[in-house]
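Here is a set of exercises to work through with a protein model. Keep the sequence and the 3D view open, and try each task before you read its solution.

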Amino acid sequence: MARHRALPARAGWRAHPTPTRSGTATRRRLIPRPGVLLIVVALLMFSCLLLVNGLASSEVGVDPPAAVPSAAAMDEVPRTVTDGGPVIDTRGTEPRSAAMPARTIALTFDDGPDPTWTPQILEVLRRHHVPATFFVVGSRAATYPGVLRDIRAAGSEVGIHSFTHPDLAAVSGMRLDRELAETQLVLDGAIGESSYLLRPPYSSSPNAVDNDALRSVREAGSDGYVTVLSDIDSRDWQRPGVDAIVRNALPSGGAGGIVLLHDAGGERSQTVAALDRLIPQLQAQGYRFTTPEAAVGLPADNQPVSGAAHLMGSTIIGLVAVAGVVVDALAWLLLVVGVLVVVRLVLMLVVAVRHHRRRHRPGFSWGPPVRAPVSVIVPAYNEKENIAATVRSLVASEHPVEVLVVDDGSTDGTADIVDALGLPNVRVLRQANGGKPSALNAGIAHARHELIVMIDGDTVFEPATIGRLVQPFADPTVGAVAGNAKVASRRGLISRWQHIEYVMGFNVDRRVYDVLRCMPTIPGAIGAFRRGVLLQVGGVSDDTLAEDTDLTMAICRTGWRVVYEDSARAWTEAPATLGQLWRQRYRWSYGTMQAMWKHRHAVLDRGASGRFGRFGLAHLAVFQILLPLLAPLVDIFLVYGLIFLDPVTTLLMWAGVLAVQVAAAVIAFRLEREPVRVLWLLPLQQIVYRQLMYAVLIRSAVTALGGIRLGWQKLRRVGGLDALLAAPENKESPRRELDLNRR
């Protein structure tokens with residue numbers, strides 16, 4: 001596409017910037033544009049929802065067997081703890097512990113609630129008229145608050161097992177306080193009650209408490225919590241079988257105890273079955289079942305909270321619910337997007353390969369050789385860096401041409417440079433700055449020949465390019481031809497990324513559009529037209545910032561065929577910095593949206609116009625705007641998966657998608673006969689370059705929805721096309737291609 005700056009009121013180049021008062025522009029830049037602010041706010045809200053959902057739905061694993069600490073790690077733990085009972089109260093100056101009375105059992109369940117296993121366990125408890133204490137993980141409780149209410153309705157109680165299931169002995173005091181406070185908030189909202197009973201994750205019996213564990217127990221005590229450990233481990237987390245769980249959960253010698261079981265963290269059918277056998281067996285032996293605090297004479301655990309606390313907790317639970325719905329919906333949307341993108345990629349490559357084979361099969365011909373002379377129009381505004389190379393490459397054409405350089409009010413001597421070349425069949429038309437469409441229309445008006453080629457002032461042709469570009473006009477149904485635009489300099493990282501994009505993106509797309517007869521864009525760098533077709537559509541319009549796309553769509557709607565000639569190659573200067581690339585692609589995206597809106601009625605038309613609308617415009621809308629707007633979900637969920645899901649599985653899935661893209665890129669590069677060694681940059685392109693393209697598209701969409709008129713930002717030319725053409729030793733130079741064509 002063309003890359004020129006425009007006046008705010010029309011799509012044209014602007015020779016001079018609009019003057020501003022001193023300091024005004026600086027002050028305005030300190031205030032973000034509304035579109036940028038909207039995007040930032042939306043991203044922050046979405047990130048918060050992902051964070052909330054990630055914390056609430058991250059998998060909680062089962063407790064591993066506790067290691068027996070060394071004596072050195074327990075030197076600060078008093079014997080009242082190590083030799084005491086499993087209920088440890090550190091709310092006073094000295095820790096106290098209490099053991100369960102003889103023939104007294106407290107059943108405790110960790111890691112829940114779980115929507116499948118907790119209700120089944122509650123049913124067993126109800127059937128045997130036995131209470132229990134469920135030490136819940138706050139993140140799961142926020143996801144399943146109704147299960148907590150079922151626990152309380154069944155006569156059991158709820159304790160705290162932290163919010164995200166970390167080892168509290170290994171976290172900071174601030175993290176410990178947050179883990180407990182957040183879980184308390186969830187309880188406040190779910191059941192309208194608080195809890196002062198705490199079971200630390202990964203804890204075991206009192207004789208396993210070491211110095212770090214004692215520190216966390218003391219800190220919890222300072223917040224008003226009583227720690228409840230266990231002295232009978234059923235080891236149901238190992239899923240050893242129902243008999244083994246029952247055997248492990250039986251106290252010895254008539255002693256009492258707190259039994260550790262699990263109602264979440266995995267498949268718990270063995271626990272449910274074992275519980276149904278354990279309770280009657282202990283009851284038959286004269287055991288009574290109670291809760292830990294009741295057994296040692298402490299107040300009842302769950303107590304009502306204030307209305308404010310209940311409201312705050314309910315708000316947290318509501319936020320978790322909203323986050324869950326949003327993330328689930330986005331996950332399904334991501335699946336749909338992923339399938340559509342992969343299917344489209346495969347189909348596009350199949351069609352592109354078919355197009356290539358059809359055009360390059362022996363005997364293919366457009367018709368009799370086209371030898372009619374061609375008028376080449378070069379619209380130019382401040383193109384001093386490359387205009388000489390552009391004109392020289394055109395004059396060197398093997399096909400007869402006249403070259404019209406339309407100088408659109410340049411201030412850098414562009415027209416003088418062309419005049420000084422003194423080349424035959426080259427004319428310079430000078431006009432006041434009116435914009436690129438104006439310059440192109442002036443060239444069309446002064447062209448002497450029926451066949452017209454348009455080229456940007458930062459592009460060079462091979463000697464055979466024009467002849468190949470106009471050969472499709474041997475077919476009387478062809479009204480315009482898109483050429484093969486390539487990146488000239490591929491030395492920098494940004495240029496190589498654009499080279500990959502041109503080969504596996506733009507040029508593959510044009511092959512497919514050619515087959516489907518719905519070409520939306522003939523690149524401004526290289527395109528050929530019948531003069532009568534240009535006049536039929538009213539010339540080049542300045543209604544949009546993408547005049548080449550607007551013109552191509554108008555031609556397609558008239559019924560003329562627009563084809564792609566891959567052998568007609570042009571080498572164009574690509575943006576060299578991220579800032580220049582942003583400005584170029586921002587205008588491209590916005591201009592394309594303008595052109596689509598202008599031609600939107602084609603969707604409802606009949607004939608050729610309707611075909612273009614239902615195929616070309618629909619494809620652009622779905623695959624060039626809608627899906628790319630959703631594509632950042634892939635990268636967002638990649639980060640989400642690395643943090644909250646299984647990172648290995650997440651990386652393998654991402655690597656699988658990347659492998660498909662690499663395979664597609666190899667095929668695309670083979671079609672273009674390009675060396676594939678540059679594809680080692682593809683993974684980095686997916687991480688960096690692709691994100692920039694997403695940002696450009698999102699910004700363009702916001703601009704379009706806001707009805708903002710975008711000014712045309714002219715890129716700063718680097719130049720160097722002369723040097724590239726004169727450097728045959730450079731393997732990535734277009735000069736090498738020119739030399740090959742002359743042999």
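The exercises below concern this predicted model.

**Exercise 1. Getting an overview**

Task: Find how many helices and strands the chain has, and what share of its residues counts as buried.

Solution: Start with the secondary structure: there are 26 helices and 20 strands. Next, turn to burial. The chain has 743 residues, and 53% of them count as buried. Now look at the surface, where about 31,400 Å² is exposed, with 60% of that supplied by carbon and sulfur atoms. Finally, consider contacts with a separation of 6 or more: residues 24 or more positions apart account for 82% of them.

**Exercise 2. Exploring the nonpolar core**

Task: Work out which residues touch the most other members of the largest nonpolar core, then list the contacts of leucine 275.

Solution: First, the core itself: it holds 46 residues, and those touching the most other members are Leu107, Phe109, Leu125, Phe134 and Leu275. Second, pick leucine 275 and set aside its neighbours within four places in sequence; it is then in contact with Leu107, Phe109, Ile121, Val124, Leu125, Leu261 and Pro280. Third, note that another core, of 37 residues, lies apart from this one and includes Ala442, Cys556, Met593 and Ile625.

**Exercise 3. A buried charge without a salt bridge**

Task: Locate aspartate 111, and decide which side chain makes a polar contact with the side chain of this residue.

Solution: Begin with the position: aspartate 111 belongs to strand E3, residues 104-112. Then check for a partner of opposite charge. The nearest such side chain is arginine 268, 5.3 Å away. A salt bridge needs the nitrogen and oxygen atoms within 4 Å, and aspartate 111 has none, although this residue is buried. Last, look for a polar partner: the side chain of histidine 165 makes a polar contact with that of aspartate 111, at 2.9 Å.

**Exercise 4. Comparing salt bridges**

Task: For three of the salt bridges in the structure, state the N to O distance and say whether the partners are buried or partly exposed.

Solution: Side chains of opposite charge can pair when their charged atoms come close. The structure holds 32 salt bridges.

1. Arginine 91 and aspartate 89 meet at 3.0 Å, N to O. Arginine 91 is partly exposed, at 40% relative accessibility, while aspartate 89 is buried, at 8%.
2. Glutamate 672 and lysine 486 meet at 3.1 Å. Glutamate 672 lies in the loop between helix H23 and helix H24 and lysine 486 in strand E18, so this pair ties together parts that are 186 residues apart in sequence. Glutamate 672 is buried, with a relative accessible area of 7%, and lysine 486 is buried at 4%.
3. Arginine 585 and glutamate 501 have their closest N and O atoms 2.7 Å apart. Helix H20 holds arginine 585 and helix H17 holds glutamate 501, and the two residues are 84 positions apart. Both are buried.

To finish, trace a network: salt bridges that share partners join Lys486, Arg490, Arg511, Asp566, Glu672 and Glu674.

**Exercise 5. A glycine in a helix**

Task: Is glycine 610 buried or exposed, and which residues is glycine 610 in contact with, leaving aside its neighbours within four places in sequence?

Solution: Find helix H21, residues 607-630, where glycine 610 lies. Because its relative accessible area is 0%, glycine 610 counts as buried. Beyond those sequence neighbours, glycine 610 is in contact with Ala602 and Asp605. As a last step, go from C-alpha to C-alpha: glycine 559 is 51 residues away in sequence and 9.9 Å away in space.

Definitions and conventions:
Residues are numbered from 1 along each chain as its sequence is written. This is a predicted model: local features need pLDDT of at least 70, side-chain atom pairs count only at pLDDT 80 or more; totals for chains, interfaces and linings use all residues. Side-chain values use heavy atoms; hydrogens and water are left out. Helices (H or I, at least four residues) and strands (E, at least two) are DSSP runs, numbered from the N terminus. Buried means under 20% relative accessible area, exposed over 50%, partly exposed in between (1.4 Å probe, protein chains only). Lys and Arg count as positive and Asp and Glu as negative; His and the chain ends are not counted. A polar contact is a pair of N or O atoms within 3.5 Å; within protein, one must be able to donate a hydrogen and the other to accept it, and residues adjacent in sequence count only if both atoms are side-chain atoms. A nonpolar core is a set of buried Ala, Val, Leu, Ile, Met, Phe, Trp, Tyr and Cys residues joined through side-chain atoms within 4.5 Å. Contact means heavy atoms within 4.5 Å. Accessible areas come from the Shrake-Rupley method with a 1.4 Å probe; for residues, only the protein chains shown count as cover.
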